[in-house]
Amino acid sequence: MLKNDPGSEPERGAKKRKPFIIPGYIGMTVLLMSVLLMVVFPSQVSQIPDGFFTPIIAFEFIETSEEVHAFFGTAGSQDYEETLRKMNIGNQLDFIYLALYGIFLIAFSFQMYTLSGNRWYLLGIVTSLVVMAGDILENVQLLGITSRLSTGDFDQQLALLQIFTWLKWGGLVVTFLILAPFVRTMNRIGKATSVVILLSLVLGITALMNRGVATELFSVSVAAVFLLMIISCFIYTGKKPV
């Protein structure tokens with residue numbers, strides 16, 4: 001009777017075939033929030049630093065007060081006010097976003113540890129928390145800059161921004177590299193993901209030395225890793241982990 005019970009062995013087997021389904025659902029909220037942020041953040045600004053084409057990426061990697069003032073344009077103008085409003089709303093919403101993608105990475109890392117018994121993957125939880133902390137502090141600096149636009153007294157925020165921005169983005173790559181040994185064994189998409197992870201490392205190093213186009217490509221590669229990992233959550237069937 002137990003063998004034919006539809007609520008016993010078959011059900012447990014189905015769960016085993018989708019061990020990353022919970023991280024996958026969390027990942028879907030990350031994707032939905034990504035779309036919302038794309039709508040909220042400004043798509044155009046007064047003057048974007050050379051090599052950039054995505055305003056929020058440019059703002060995160062902005063370096064000088066001159067670039068900041070050029071970015072927002074003439075104080076009091078309609079474009080200035082609209083850019084300022086959208087940036088502030090987007091960066092406030094980003095606190096929710098960083099919690100979602102952080103929880104996704106933590107759940108993903110913990111499930112890897114659960115399946116493999118390899119404590120190495122618990123390090124992914126630690127680096128995910130570091131990334132979240134970096135993103136929180138990055139947002140604080142970005143909001144600090146916009147609150148001081150009228151006075152121009154944001155040199156300290158600019159200096160700290162460069163530290164926390166790279167703590168976040170660099171931390172993401174480190175986390176991906178920690179998870180890569182498992183990811184590459186998951187399926188064909190996992191193999192492709194491991195290649196993109198290595199690409200993100202190369203682009204990140206390039207962006208660190210020469211921001212601009214490489215920075216934009218770096219951000220795209222990180223987004224691609226997230227997308228591929230989320231897709232893998234729904235199609236991974238429980239192949240023996242490393």
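**View 1. The whole chain is a run of helices, α-α-α-α-α-α-α-α-α from the N terminus on.** That makes nine helices and zero strands in the protein chain, with helices (H or I, at least four residues) and strands (E, at least two) taken as DSSP runs and numbered from the N terminus. This is a predicted model, where local features need pLDDT of at least 70, side-chain atom pairs count only at pLDDT 80 or more, and totals for chains, interfaces and linings use all residues. Residues are numbered from 1 along each chain as its sequence is written, and side-chain values use heavy atoms, with hydrogens and water left out. The C-alpha trace spans about 75 × 35 × 25 Å along its principal axes. Of the 242 residues in the protein chain, 46% are buried (under 20% relative accessible area, 1.4 Å probe, protein chains only).

**View 2. H5 (residues 78-116) pairs up with helix H6 (residues 123-147).** Their axes come within 9 Å and cross at roughly 175°; these are lines fitted to C-alpha atoms over the stretch in contact, with angles from 0 to 180 degrees between N-to-C directions. H5 and H6 are therefore roughly antiparallel to each other (angles over 145 degrees). Sorted by class, their contact has 15 nonpolar, nine polar and two charged residues. Here Ala, Val, Leu, Ile, Met, Phe, Trp, Tyr, Cys and Pro count as nonpolar, Asp, Glu, Lys and Arg as charged, and the others, Gly among them, as polar.

**View 3. Phe20 and Phe108 are one aromatic pair in a structure that holds 20 of them.** A pair means rings of Phe, Tyr or Trp (its six-membered ring) with centres within 6.5 Å; planes under 30 degrees apart are stacked, over 60 edge-to-face and the rest tilted. For Phe20 and Phe108 the centres are 4.9 Å apart and the planes sit at 40°, so this pair is tilted. It ties together distant parts of the chain, 88 residues apart: Phe20 is in the loop between helix H1 (9-17) and helix H2 (21-40), and Phe108 is in H5. Both Phe20 and Phe108 are buried. They also belong to one aromatic cluster whose members include Tyr97, Tyr101, Phe104 and Tyr236.

**View 4. The largest pocket holds about 810 Å³ of space.** On a 1 Å grid over the protein atoms alone, a pocket is an open set of points with protein on both sides within 12 Å along at least five of seven lines, and lining residues have an atom within 4 Å of a point. The volume is the space filled by probe spheres set on the points, which are joined across faces, edges and corners. Of the 28 lining residues, Ser34, Met38, Ile57, Tyr97 and Ala223 are the closest to the centre. H9 gives the most to the lining, with seven residues. By class, the lining divides into 19 nonpolar, four polar and five charged residues.

Conventions:
Buried < 20%, exposed > 50% of the residue type's maximum accessible area, 1.4 Å probe, protein only. 1 Å grid on protein atoms, 1.4 Å probe; cavity = no way out; pocket = protein on both sides within 12 Å on 5 of 7 lines; lining within 4 Å. Parallel < 35°, antiparallel > 145°, perpendicular 65-115°, else oblique.
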